[in-house]
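Work through the following exercises with the sequence and the 3D view side by side. Try each task on your own before you read its solution.

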Amino acid sequence: MPQLELIKQSPDNCKTYKYNGIKFWVNPYNVIMQSDDWNICDALIKAGLATRKFYRWDYGHIEYKLNN
């Protein structure tokens with residue numbers, strides 16, 4: 001079973017994680033900001049490790065947030 005692995009944490013509480021061999025970076029609010037492969041967001045949601053929020057008022061912006 002794949003596990004979420006914390007690779008590093010910066011002084012401002014940004015974190016780099018690895019899941020299924022794919023690295024991604026979250027801001028201090030656990031919002032996924034950068035990834036080598038954006039399909040990781042769907043895998044995290046399916047595993048129950050992240051949520052997706054759609055902002056219609058913000059031109060259809062989608063936010064992916066890692067669960068605490």
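In which loop does Asn 30 lie? Asn 30 lies in the loop between β3 and β4 (32–35). Before going on, note that this is a predicted model, in which local features need pLDDT of at least 70 and side-chain atom pairs count only at pLDDT 80 or more, while totals for chains, interfaces and linings use all residues. Residues are numbered from 1 along each chain as its sequence is written, and side-chain values use heavy atoms, with hydrogens and water left out.

**Exercise 1. Describe the order of helices and strands.**

Step 1: begin with the definition, by which helices (H or I, at least four residues) and strands (E, at least two) are DSSP runs, numbered from the N terminus.
Step 2: count the elements, which gives 1 helix and 6 strands.
Step 3: follow the sequence, and the pattern reads β-β-β-β-α-β-β.

**Exercise 2. Decide whether the overall dimensions agree with those of a compact globule.**

Step 1: the radius of gyration is taken over C-alpha atoms, and the globule rule is 2.2 Å times the number of residues to the power 0.38.
Step 2: for 68 residues a compact globule would have a radius of gyration near 11 Å, and the protein has 12 Å, which agrees.
Step 3: as a second description, the C-alpha atoms fill a box of roughly 35 × 30 × 20 Å along the principal axes.

**Exercise 3. Find the largest nonpolar core and the elements that build it.**

Step 1: a residue is buried when its relative accessible area is under 20%, exposed when it is over 50%, and partly exposed in between (1.4 Å probe, protein chains only). By this rule, 31% of the 68 residues count as buried.
Step 2: a nonpolar core is a set of buried Ala, Val, Leu, Ile, Met, Phe, Trp, Tyr and Cys residues joined through side-chain atoms within 4.5 Å.
Step 3: the largest such core has 12 residues in all, among them Tyr 17, Phe 24, Val 26, Ile 32, Cys 41, Leu 44 and Leu 66. The elements that give two or more residues to this core are β2 (15–19), β3 (22–26), α1 (40–46) and β6 (61–66).
Step 4: in soluble globular proteins, nonpolar side chains tend to be buried together.

**Exercise 4. Compare the surroundings of Leu 44 and Cys 41.**

Step 1: Leu 44 has its place in helix α1, and Cys 41 is also in helix α1.
Step 2: Leu 44 is buried because its relative accessible area is 0%, and Cys 41 counts as buried at 1% relative accessibility.
Step 3: contact means heavy atoms within 4.5 Å. Not counting residues up to four places away in sequence, Leu 44 touches Leu 4, Tyr 19, Phe 24, Ile 32, Leu 49, Ala 50 and Leu 66. With neighbours within four places likewise left aside, Cys 41 is in contact with Ile 32 and Tyr 64.
Step 4: add a distance, for the C-alpha atoms of Leu 44 and Asn 20, 24 residues apart along the chain, are separated by 9.6 Å.

**Exercise 5. Locate Cys 14 and relate it to Cys 41.**

Step 1: Cys 14 sits in the loop between β1 (5–9) and β2, where it counts as buried at 9% relative accessibility.
Step 2: apart from residues up to four places away in sequence, Cys 14 touches Lys 8, Gln 9, Trp 25, Val 26, Asn 27 and Pro 28.
Step 3: Cys 14 and Cys 41 are 27 residues apart in sequence, and their C-alpha atoms are 17 Å apart in space.

**Exercise 6. Two asparagines have a positive phi; state whether each is buried or partly exposed.**

Step 1: Asn 20, although not a glycine, has a positive phi of about 55°, and this residue lies in the loop between β2 and β3.
Step 2: with a relative accessible area of 45%, Asn 20 is partly exposed.
Step 3: Asn 30 is not a glycine either, and its positive phi is about 65°.
Step 4: at 8% relative accessibility, Asn 30 counts as buried.
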